[in-house]
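Trainee: Could you take a close look at one part of this model with me? I'd like to go through a buried acidic side chain and then see what else is worth pointing out along the chain.

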Amino acid sequence: MELGNVENSSTTLMTDFLKQCGGYAVVDGGLATELERHGADLNDPLWSAKCLISSPHLVRRVHLDYLDAGANIILSASYQATIQGFVAKGLSVEEAESLLRRSVEIACEAREIYYDKSTKGSWDYIESGNISRRPVLVAASIGSYGAYLADGSEYSGKYGDAVSLETLKDFHRRRLQVLLKSGADLIACETIPNRLEAKAYAELLEEEGINIPAWFSFNSKDGINVVSGDSILECASIADSCKQVVAVGINCTPPRFIHGLVLSIRKATSKPIVIYPNSGETYNAELKQWTKSSGVVDEDFVSYINKWREAGASLFGGCCRTTPNTIRAIGNVLSKNP
């Protein structure tokens, strides 16, 4: 389903997709955690994007695991894939752009493999003798400027006075242009840590005349504001005012903060709300590892789902340290309460 090819308002496009999915959609879960479980070494500034170079087959495998778990939306392995980051590793600009495109192609290939094999036990079902295919979208992931810096600043939103609106627009522009022509169904601007970067994305989407929808998801460490301290209401309002944005939400945030944030976002927009929290653990930027704080097991994580849905969310998934088991459990809860 290519949302950008339908001549209609962007929000209606996502609303139509949600109707096809039964009123809610399931987003995939953590990529890096699963890549490591399959044997990948991600101790690198490129993080999961390293696998686009070293082991693309593992990326495809993880996408398939999430599709088998019931995901309606899978995100490409491009969160930390930037032209600047690849060039710093010795690649040419052309090679970097090719890897960006490849990240989406791998996700699209996984979707086709999934459809072709119609796995027993999947959520595809037979109706009147015909196989009804579960709607699946491929989202091209765009991480924040802080993700490229690989210093944990996407968890603080503190980029320094030298980083202006134009700095961020210049940084993101070419990657956005490449991903827009990659075959993705939508663009996922993720882990946005401050108002400035949200504004940069919104202006770029409008200036480039984008006809592919996008979602903006922010992160928070207090359940009130985004991580920089900027108001979630202001950030959500920027997303609401951008016609290309079809959903607004929260990712990479402890589950205990999500309910209040959904209520706040709903005050700023009527667009669908997407939430995909992390496991509840805390990222230590110095050690470059996750540490246990109030991490929750899959059963506890999904116990929040109905509460988040009642608050106004309609797309649900997981971020860092969540797994296909998490996503399967989310889908099970939603299917029992349609």
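Mentor: Let's start with Glu34, which sits in helix α2, the run covering residues 32-37. Bear in mind that this is a predicted model. Glu34 has a relative accessibility of 2%, so it counts as buried, the cut-off being under 20%. Its side chain has a polar partner: a contact of 2.8 Å links the side chains of Glu34 and Arg37. If you skip residues up to four places away in sequence, Glu34 also touches Val62, Asp65, Tyr66, Thr323 and Pro324.

Now hop to Arg321, in the loop that runs between β12 (313-316) and α14 (324-336). Have a look at its backbone: phi of Arg321 is near 75°, a positive value in a residue that isn't glycine. That's worth a glance because most residues other than glycine have a negative phi. With a relative accessible area of 33%, Arg321 is partly exposed.

Thr191 also has a positive phi without being glycine, with a value near 50°. This residue belongs to strand β6. At 2% relative accessibility, Thr191 counts as buried.

Strand β6 spans residues 186-192, and Glu190 lies in it too. Glu190 comes out at 6% relative accessibility, so that acidic residue counts as buried. As for a polar partner, the side chain of Glu190 makes a polar contact of 2.7 Å with the side chain of Tyr276. Set aside the neighbours within four places in sequence, and the contacts of Glu190 are Leu75, Tyr79, Ser141, Ile142, Gly143, Ser144, Ser217, Asn251 and Tyr276. Take Tyr79 from that list: 111 residues separate Glu190 and Tyr79 in sequence, yet their C-alpha atoms are 7.7 Å apart in space.

From there, turn to the helices. Helix α8 covers residues 165-180 and helix α9 covers residues 195-207; their axes come within 9 Å and cross at roughly 50°. The two are therefore oblique to each other, since that angle falls outside the parallel, antiparallel and perpendicular ranges. The crossing of α8 and α9 is right-handed. On the α8 side, the contact uses Leu165, Leu168, Lys169, His172, Arg173 and Leu176. Facing them in α9 are Leu196, Glu197, Lys199, Ala200, Tyr201, Glu203, Leu204, Leu205 and Glu207. Sorted by class, the contact of α8 with α9 comprises eight nonpolar residues, one polar residue and six charged ones.

Helix α9 also packs against helix α10, residues 232-241: the two axes come within 9 Å and cross at roughly 5°. That makes α9 roughly parallel to α10, because the angle is under 35 degrees. The α9 residues in this contact are Arg195, Ala198, Lys199, Ala202 and Glu206, and α10 supplies Glu234, Cys235, Ile238 and Ser241. By class, the contact of α9 with α10 has four nonpolar residues, one polar and four charged. If you want one residue to click on here, try Lys199, which is listed in the contact of α9 with α8 and in the contact of α9 with α10.

Conventions
Residues are numbered from 1 along each chain as its sequence is written. This is a predicted model: local features need pLDDT of at least 70, side-chain atom pairs count only at pLDDT 80 or more; totals for chains, interfaces and linings use all residues. Side-chain values use heavy atoms; hydrogens and water are left out. Axes are lines fitted to C-alpha atoms, for helices over the stretch in contact, and angles run from 0 to 180 degrees between N-to-C directions. Helices (H or I, at least four residues) and strands (E, at least two) are DSSP runs, numbered from the N terminus. Angles under 35 degrees count as roughly parallel, over 145 as roughly antiparallel, 65 to 115 as roughly perpendicular and the rest as oblique. A crossing is left-handed if the near helix is turned anticlockwise from the far one by less than a right angle, and right-handed if clockwise. Contact means heavy atoms within 4.5 Å. Ala, Val, Leu, Ile, Met, Phe, Trp, Tyr, Cys and Pro count as nonpolar, Asp, Glu, Lys and Arg as charged, and the others, Gly among them, as polar. Buried means under 20% relative accessible area, exposed over 50%, partly exposed in between (1.4 Å probe, protein chains only). A polar contact is a pair of N or O atoms within 3.5 Å; within protein, one must be able to donate a hydrogen and the other to accept it, and residues adjacent in sequence count only if both atoms are side-chain atoms.
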